[in-house]
Amino acid sequence: MSGGAQPPAPPRAASGGLLEGLSISEAEQNTYLHVLAAATCTAAGLATELDITADRAERLLTVLAERGLVTRHDGAPVRWSAAAPDVAIEALLLRREEELLRTRGRVGELMRVYRRAQRPQAADLLEVITGQAAIAERWRQMQDGARRQLLLFDKPPHISPTDTELERSLLARRVRIRAVYEAGSVSAPGRLAEIREVVTAGEEARVLPELPCKLAIVDDRWAMLPVATGSEAQAAVLVRASSLLDALTGMFEAYWHRAVRVPDADGPTIGAGNRRGELLTLLSAGFTDDSIARQLGVSPRTVQRWVREVMDDLGARTRFQAGIQAARAGLL
């Protein structure tokens with residue numbers, strides 16, 4: 001080692017090694033820590049301290065130099081010094097992070113190879129859940145696990161009250177929520193006010209006269225729907241990542257693009273233009289005259305008169321056609 005005052009004792013590595021995360025062996029770590037504790041050293045002096053041969057010390061120092069942790073100084077004898085840890089180790093960390101990112105990018109490719117080698121069983125892709133409590137609990141677990149998006153077909157009957165607080169927590173976690181409501185669900189007393197509340201919080205909501213089934217899709221990992229129509233409270237099927245899940249997601253997107261927005265809360269009270277816009281939205285969503293009258297706070301006879309006027313203006317032969325033509329014309 002260099003002459004003069006005795007260098008401080010090298011730091012003791014914690015269990016597992018200070019630099020284990022960088023794939024640096026224990027012998028290399030001990031070597032680096034001894035060099036770090038001295039201004040300069042020689043391979044021979046290091047060999048004495050570590051109780052190894054001079055050739056072994058030379059090889060360890062060379063490996064550390066290749067990693068940028070020590071520097072070789074030519075002379076007689078050749079001396080070695082440690083690079084500043086904040087620079088040298090940061091450079092190693094950055095290279096390690098790049099390697100990990102590249103590896104993460106290949107996980108999808110590795111999974112495709114894995115799936116090709118497996119023979120999926122039905123139990124791996126589908127799970128039947130029975131009982132209202134079990135269905136509700138699994139649905140809560142699915143929502144807790146949502147990372148990116150939640151897609152919903154909201155169709156009566158409802159087996160449990162809407163949990164607006166849970167939905168708000170999902171939105172707060174930046175989970176995108178898109179819901180298509182069946183008209184019968186939206187027209188239930190007080191239901192439109194609930195929907196408008198979650199829309200204000202960030203949900204994207206649309207309406208259609210009829211939906212094929214109840215459906216919930218979480219990210220590209222799970223979907224849940226009733227085993228059969230009318231069995232909502234008795235049995236549901238959980239679908240995991242598969243071509244079936246892809247098909248269900250595609251079905252949702254098709255219905256989403258056909259649907260119309262949920263009416264705004266303050267449309268009809270502001271003016272005739274807003275009143276017509278909400279009337280057209282409710283028509284295209286399949287609301288009855290009585291349902292529209294309740295939403296707009298007028299009599300069914302008044303609604304019938306407005307509907308006739310709108311159909312005449314648009315040249316539509318049916319109520320639903322009037323709503324769809326208005327949507328295509330950008331009037332909604």
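How many of the residues of E4 are buried? The count is 6 of 6, so to speak a full house, and E4 is mostly covered. The views below start from the whole predicted model and then move in on this strand and its surroundings.

**Figure 1. The whole chain, a predicted model with 15 helices and 10 strands.** Of the 332 residues of the protein, 37% count as buried. Take the contacts between residues at least 6 apart in sequence: 66% of them join residues at least 24 apart.

**Figure 2. An open, mixed sheet built from 8 strands.** Reading across, the order goes E3-E9-E8-E7-E4-E5-E6-E10. The edges belong to strand E3 (126-130) and strand E10 (260-261), each of which pairs on one side only. Helix H7 (residues 132-144) packs on this sheet, where it touches E3, E4, strand E7 (215-218), strand E8 (222-226) and strand E9 (235-240). The direction of H7 makes about 155 degrees with that of E8. Another helix, H10 (residues 191-201), lies across E4, E5 and strand E6 (204-208), and it runs at about 160 degrees to E5.

**Figure 3. Strand E4 between its two neighbours, E7 and E5.** Strands of a sheet pair through backbone hydrogen bonds, either parallel or antiparallel, and this view has both kinds. With E5 (residues 176-182), strand E4 (residues 149-154) runs parallel, joined by 6 bridges. With E7, the pairing of E4 is antiparallel, over 4 bridges. Leucine 152 is a handy place to look: it stands opposite alanine 179 in E5, and its bridge partner in E7 is alanine 216. Aspartate 154, for its part, stands opposite tyrosine 181 in E5.

**Figure 4. Both faces of E4, each of them covered.** In a regular strand the side chains alternate between the two faces of the sheet. On one side of E4 sit Gln149, Leu151 and Phe153, and on the other Leu150, Leu152 and Asp154. All of these are buried, Asp154 included.

**Figure 5. Helix H10, with a buried side and another side that holds exposed residues.** Arg191, Leu192, Ile195, Arg196 and Val198 are buried here. They cover an arc of only 165 degrees around the axis, so they fall on the same side of H10. Ala193 and Thr200, on the other side of H10, are exposed. Just after the helix comes glycine 202, with a positive phi of about 135 degrees.

**Figure 6. An aromatic cluster made of Phe153, Phe252, Tyr255 and Trp256.** The structure holds 3 aromatic pairs. In one of them, the rings of phenylalanine 252 and tryptophan 256 have centres 6.0 Å apart and planes at 20 degrees, so this pair is stacked. The two residues are 4 apart in helix H11 (residues 243-258), which means about one helical turn separates them. Both phenylalanine 252 and tryptophan 256 are buried. Phe153 brings in strand E4, where it is one of the buried residues.

**Figure 7. Two arginines over rings of the cluster.** The charged end of arginine 178 sits over the ring of tryptophan 256, at 5.2 Å from its centre. Arginine 258 does much the same job of facing a ring with tyrosine 255, lying over its face at 4.8 Å from the ring centre.

**Figure 8. A cis peptide bond between alanine 76 and proline 77.** Most residues other than glycine have a negative phi, and most peptide bonds are trans. At this bond, omega is about -5 degrees. Proline 77 lies in the loop between strand E1 (70-73) and strand E2 (79-82).

**Figure 9. Aspartate 51 and arginine 174, each with a positive phi though neither is a glycine.** Phi of aspartate 51 is near 60 degrees. Its loop runs between helix H2 (43-50) and helix H3 (54-66), and at 69% relative accessibility the residue counts as exposed. For arginine 174, phi is about 65 degrees. This arginine belongs to the loop between helix H8 (164-172) and E5, and with a relative accessible area of 76% it is exposed too.

Note on methods: Residues are numbered from 1 along each chain as its sequence is written. This is a predicted model: local features need pLDDT of at least 70, side-chain atom pairs count only at pLDDT 80 or more; totals for chains, interfaces and linings use all residues. Side-chain values use heavy atoms; hydrogens and water are left out. Two strands pair if DSSP finds at least two bridges between them. Contact means heavy atoms within 4.5 Å. Axes are lines fitted to C-alpha atoms, for helices over the stretch in contact, and angles run from 0 to 180 degrees between N-to-C directions. Rings of Phe, Tyr and Trp (its six-membered ring) pair if their centres lie within 6.5 Å; planes under 30 degrees apart count as stacked, over 60 as edge-to-face and the rest as tilted. Buried means under 20% relative accessible area, exposed over 50%, partly exposed in between (1.4 Å probe, protein chains only). A charge sits over a ring if NZ of Lys or CZ of Arg is within 6 Å of the ring centre and within 35 degrees of the ring normal. The arc is that of the directions from the helix axis to the C-beta atoms.
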